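Trainee: Please give me a close look at a single part of this structure, then work outward from there.

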Amino acid sequence: MGEQNGNDGLSRRSFLGKTSAVLAAAAALPRVGAAQQDPDMNSGAHTAANETQPGPKNPALDAMDPDSVFPPETDAGGQPPFKYPFSFSHKRIESGGWTREVSVRELPISKQMAGVEMRLISGGVRELHWHKGAEWALMTAGNARITGVDQKGRGFVEDVREGDLWLFPGGIPHSIQGLGPDGCQFILVFDDGNFNEFETFLLTDWMRHTPPEVLAKNFQVPKETFKNLPTKELFIFARDLPRPLEEEKKEVSAATGSVPNSFAFFASQMTPTKVSAGGHVKVVDRSNFPATNIAAAIVTLKPGGLRELHWHPNADEWQYYVKGKARMTVFSAGGHARTMDFQEGDVGYIEQSMPHYIENKGDTDLVFVEVFPTPDYQDISLAEWLAHTPSRLVNQHIATGEDFLRNIPRKEAVVVPE
Ligand code: MN
Ligand code: MN
């Protein structure tokens, strides 16, 4: 497995990179037939007249998207794109870090979920705020301190590091601060495609838009108490590092106690849910993280590994590629299928019940997350469907012979090879 990691997108093409059989036959190219017999044979440079591109081209983007330059023969018809690189998003840069987002405005099919990338320097604070939707997060670098307060006034403070995650339910106020030595980076996922990180309910923005005499009356203090309120929102800003964790935990839980279910989940220390030769997966949902209403799977595929053919019957899937190179084909019924290529920092999106696979196409481990706006992780794989349907009936459809069907493992693989 593992195609060459070359710079030339055309040379990376596999045998599937042919145009239609009709055109190929018309051009009388003997190599087409030979390539079909050897799936691993690179059919070459696509130099036939019907495959070359004498006009303008973009070699850098083409190299990242070989399955768009020459789609697999199995691709057909049009369907909306299901990929958006964070690299295309506007980056808002502040003194304490930066942020950018991929919402339904950037990726129109992502109606149920939106995502944000954020960097906070050491001491950099994402201002105290809340929003209507729930926030699921995965730390992708460094260390952070997170805080929250629930509807019963119970406090929460925790430190998280790369590979850990958190969930703040909708409406719960919270904050994030980068710790030493070099702050952090993380992704946020929201169960609302219209979410906008630049329009959240901010502590300073709200107080600034409340009459000072009302603030004074609210807290029974002189209104001069608020004379140093910032004149505009802080959003992301730099401050000193927080006090020791235990000290701040004790402070926020005074009188009301701590939240009953932690908003943090230490996925970096979690034993994988399923391990196979091709990689492993960590499933984090309500069954092991009671605070969450957003389910997720953190998938690692070794070179050549495949996240097997499957679909999700209960929700859309939002993906983020943490490292490595991948390709994914989404079949959208009615004869339509499209293959797109993914790499670090790309967002992928699959609508509910549309079948797909993810294949590691690089020479290194592929790591990506699948996130779902539902508390419970669910999937159905092609293999388990066929394995638990009468072999006589399946064979009447696909004519593989019943021996193949009887040998499909009875339990779902998730990642192959097993
Ligand atoms: Mn938030
Ligand atoms: Mn999936």
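**From one ring outward**

Mentor: Start with K83, which lies over the face of F342, 5.7 Å from the ring centre. A charge counts as over a ring when NZ of Lys or CZ of Arg is within 6 Å of the ring centre and within 35 degrees of the ring normal. K91 does likewise with W98, at 4.4 Å from the ring centre.

Two notes on reading this. The model is predicted: local features need pLDDT of at least 70, side-chain atom pairs count only at pLDDT 80 or more, and totals for chains, interfaces and linings use all residues. Residues are numbered from 1 along each chain as its sequence is written, chains are lettered from A and ligands numbered from 1 in written order, and side-chain values use heavy atoms, without hydrogens or water.

Rings also pair with rings, and the structure holds 19 aromatic pairs (Phe, Tyr or six-membered Trp rings with centres within 6.5 Å; planes under 30 degrees apart are stacked, over 60 edge-to-face, the rest tilted). Take F168 and F263: their ring centres are 5.5 Å apart and their planes stand at 65°, so this pair is edge-to-face. The two are 95 residues apart along the chain, with F168 in strand 8 (residues 165-168) and F263 in the loop between helix 7 (245-252) and strand 13 (264-265). Helices (H or I, at least four residues) and strands (E, at least two) are DSSP runs numbered from the N terminus. Both F168 and F263 are buried (under 20% relative accessible area with a 1.4 Å probe, protein chains only; exposed is over 50%, partly exposed in between). They belong to one aromatic cluster with F156, W166 and F186.

Next, the metals. The manganese ion (ligand 1) has as protein donors H129 (NE2), H131 (NE2), E135 (OE) and H174 (NE2), lying 1.9 to 2.2 Å from it. Donors are N, O and S atoms within 2.8 Å of the metal (3.2 Å for Na, K and Ca), and with water absent sites may look incomplete. Along the sequence the donor residues of ligand 1 are spaced H-x1-H-x3-E-x38-H. H129 and H131 are buried.

The manganese ion (ligand 2) is held by H310 (NE2), H312 (NE2), E317 (OE) and H356 (NE2), at 2.1 to 2.2 Å. The spacing of the donor residues of ligand 2 is H-x1-H-x4-E-x38-H. Among these, H312 sits in the loop between strand 17 (306-311) and strand 18 (317-323), while H356 is in strand 22 (residues 356-360), 44 residues apart. H312 has 2% relative accessibility and counts as buried; H356, at 1%, is buried as well.

Last, the open space. The largest pocket holds about 520 Å³ of space. On a 1 Å grid over the protein atoms alone, a pocket is an open set of points where a 1.4 Å probe fits, with protein on both sides within 12 Å along at least five of seven lines, and lining residues have an atom within 4 Å of a point. Of its 21 lining residues, V125, L128, T147, S175 and E248 are closest to the centre of the largest pocket. Strand 6 gives the most to this lining of the largest pocket, with four residues.

The second largest pocket holds about 440 Å³. It is lined by 20 residues, and those closest to its centre are M139, E162, V322, K323 and V367. Strand 18 gives the most to the lining of the second largest pocket, with four residues.

How values were computed:
Points joined across faces, edges and corners; volume = space filled by probe spheres on them.
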